[in-house]
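This report works through one protein model, taking its pocket, its sheet, its cores and two individual residues in turn.

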Amino acid sequence: MAQFGGNPFFSCRNCQNPLALRDDLISKKFVTKSGAGYMFSHAMNIIVGQKEDRKLITGVFSIADIFCSNCGEVLGWKYVRAYDISQKYKEGKFIIERAKIAKEY
């Protein structure tokens, strides 16, 4: 993690583009294609792709892939809509694959 305006942040492993503040990290307990994933309440310097319904481990969601605005790397996804009431807390949140972000040190 580096400092961004005095706040620790996560950046794109490919190009070091700042992606999310440490203060916006909600959970480190998500599973992605490449392994561990982090959930953030906000993300910056990203491009949100087209939404589509996708079956994930915890159910069916309407999600949109997210990309680094600088290098175009696929980073993870944004939850647009949860169809299961117990999963509604994920709506509007971002999952970024751990393998796609710079180390925390």
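## The largest pocket

The lining of the largest pocket draws at least two residues from each of β4, β6 and β8 (74–82), where strands (E, at least two residues) are DSSP runs numbered from the N terminus. The space in this pocket comes to about 280 Å³, and of its 16 lining residues the closest to its centre are V31, L56, I57, W77 and Y79. A pocket here is an open set of points on a 1 Å grid over the protein atoms alone, where a 1.4 Å probe fits and protein lies on both sides within 12 Å along at least five of seven lines, while lining residues have an atom within 4 Å of a point; the volume is the space filled by probe spheres set on the points, which are joined across faces, edges and corners.

The model is predicted, so that local features need pLDDT of at least 70 and side-chain atom pairs count only at pLDDT 80 or more, whereas totals for chains, interfaces and linings use all residues. Residues are numbered from 1 along each chain as its sequence is written, and side-chain values use heavy atoms, with hydrogens and water left out.

## The six-stranded sheet

Six strands form an open sheet in the order β4-β5-β9-β8-β7-β6, with antiparallel pairing; two strands are taken to pair if DSSP finds at least two bridges between them. Because β4 (25–32) and β6 (46–56) stand at the edges with a single partner strand each, one side of each is left without a neighbour in the sheet. From one strand to the next the twist averages 30°, the angles running from 0 to 180 degrees between N-to-C directions of axes that are lines fitted to C-alpha atoms.

At one edge, β4 is joined to β5 by five antiparallel bridges and by a hairpin of two residues, and F30 has G37 in β5 as its bridge partner. Four bridges then connect β5 to β9, again antiparallel, with Y38 partnered by I96 in β9. At the other edge, nine bridges join β6 to the antiparallel β7, and K51 stands opposite A64 in β7.

## Nonpolar cores

The largest nonpolar core has 14 residues, and those with the most contacts inside it are L19, F40, L75 and I96. Each of β3 (18–21), β5 (35–40), β7 (59–68) and β9 (94–97) supplies at least two residues of this core. A second, separate core of nine residues includes F61, W77, Y79 and A82. Such a core is a set of buried Ala, Val, Leu, Ile, Met, Phe, Trp, Tyr and Cys residues joined through side-chain atoms within 4.5 Å, and buried means under 20% relative accessible area (1.4 Å probe, protein chains only).

Beyond four places in sequence, L75 touches residues that include C12, L19, I66, F67 and I96, a contact being heavy atoms within 4.5 Å.

## Two buried polar residues and a hairpin

S11 lies in strand β2 (residues 7–11) and is buried, with a relative accessible area of 9%. Leaving aside residues up to four places away in sequence, S11 touches Q16, N17, P18, L19, K100, I101 and A102. Strand β2 pairs with β3 over three antiparallel bridges, F10 standing opposite A20 in β3, and in their hairpin, with six residues between the strands, Q16 takes a positive phi near 65°.

Q87 is found in the loop between β8 and β9, and at 12% relative accessibility Q87 also counts as buried. With the same sequence exclusion of up to four places, Q87 touches T58, F61 and A82.

Terms used: Buried < 20%, exposed > 50% of the residue type's maximum accessible area, 1.4 Å probe, protein only.
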